[in-house]
Amino acid sequence: AYNAKVTNANPTFNAAYLDTNSTVTAVTTNNQLIVRNKSTLRINVSSAAAQKSATLASASCVILGQTVSATLSGSSVALNVGTINTSQDTTANVTVTDSRGNSSTIPLTITVADWQEPTAIITAKRQIIAAKKINKTIF
């Protein structure tokens, strides 16, 4: 038996991200700015191509310890990540794998705006006014 390894056969692709939450993008006017815990992050894989007679199998991304994956049918797929909870820019490692197990990874820097719900601690106390006793003589 003879095993042959196909070299220089990793798939190629492009990756980009955007915020798909229209309420957030109406405020930021920038779908490339991901707002912490508010934006809906989606990573688009496009122009994916397998090499040397392989076929495309899957796409995935790992961001903040979370993995999102999808089967690739055709040359593009959307990876819906959802909201992310980080206060600073982060990296999503986007990977495309072919039918032979060959893969390519693109590190995608995600621009994040730190934002948190406003909070307040409010203490209400009743003000007590001492009543004065008035003595008046009425004629």
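Visitor: Which residue of strand 5 stands opposite Cys61?

Guide: Cys61 stands opposite Val68 in strand 5. This is a predicted model, in which local features need pLDDT of at least 70 and side-chain atom pairs count only at pLDDT 80 or more, while totals for chains, interfaces and linings use all residues. Residues are numbered from 1 along each chain as its sequence is written, and side-chain values use heavy atoms, with hydrogens and water left out.

Visitor: What makes strand 4 and strand 5 a pair?

Guide: Two strands pair if DSSP finds at least two bridges between them, and strand 4 and strand 5 are joined in the antiparallel sense over six bridges, so they meet that criterion. The strands themselves are DSSP runs of E with at least two residues, whereas helices are runs of H or I with at least four residues, and both are numbered from the N terminus. Strand 4 and strand 5 also form a hairpin with two residues between them.

Visitor: What is noted about the phi of Leu64, and why is Leu64 called partly exposed?

Guide: Leu64 lies in the loop between strand 4 (56-63) and strand 5 (66-71), and its phi is near 50 degrees, a positive value in a residue other than glycine. Buried means under 20% relative accessible area and exposed means over 50%, with partly exposed in between (1.4 Å probe, protein chains only). Leu64 has 46% relative accessibility and therefore counts as partly exposed.

Visitor: Why is Thr29, by contrast, called exposed?

Guide: Thr29 has a relative accessible area of 68%, which is set against the cut-off of over 50% and therefore gives the label exposed. Thr29 sits in the loop between helix 1 (22-28) and strand 2 (34-35), and its phi, near 55 degrees, is a positive value in a residue other than glycine.

Visitor: Which strands make up the sheet that contains strand 4, and what makes strand 5 and strand 8 its edges?

Guide: Four strands form an open sheet in the order 5-4-7-8, with antiparallel pairing, and strand 5 and strand 8 are the edge strands, each pairing on one side only. Six bridges join strand 4 to strand 7, with Val96 of strand 7 as the bridge partner of Ala59. Strand 7 and strand 8 pair over eight bridges, and the bridge partner of Thr95 in strand 8 is Thr105.

Visitor: Why is one side of strand 1 and of strand 6 left without a neighbour in the other sheet?

Guide: Three strands form an open sheet in the order 1-3-6, again with antiparallel pairing. Strand 1 (12-19) and strand 6 (77-82) stand at its edges, each with a single partner strand, so one side of each has no neighbour in the sheet. Strand 1 pairs with strand 3 (residues 41-49) over seven bridges, and Leu18 stands opposite Arg42 in strand 3.

Visitor: What makes a set of residues a nonpolar core, and which members of the largest one touch the most others?

Guide: A nonpolar core is a set of buried Ala, Val, Leu, Ile, Met, Phe, Trp, Tyr and Cys residues joined through side-chain atoms within 4.5 Å. The largest such core has 23 residues, of which Leu41, Ile43, Val45, Val81 and Ile110 touch the most other members. Strand 1, strand 3, strand 4, strand 6, strand 7 (90-98) and strand 8 (103-110) each give two or more residues to this core.

Visitor: Which residues are in contact with Ile43, leaving aside its neighbours within four places in sequence?

Guide: With contact meaning heavy atoms within 4.5 Å, the partners of Ile43 beyond those neighbours include Ala16, Cys61, Ala78, Val94 and Leu108. Ala78, in strand 6, has a relative accessible area of 35% and is therefore partly exposed. Leaving aside its own neighbours within four places, Ala78 is in contact with Arg42, Ile43 and Asn44.

Visitor: How do you know that the chain departs from a compact globule?

Guide: The radius of gyration is taken over C-alpha atoms, and the globule rule is 2.2 Å times the number of residues to the power 0.38. For 139 residues a compact globule would have a value near 14 Å, but the chain has 28 Å. The C-alpha atoms fill a box of roughly 125 × 35 × 20 Å along the principal axes, and 30% of the residues count as buried.
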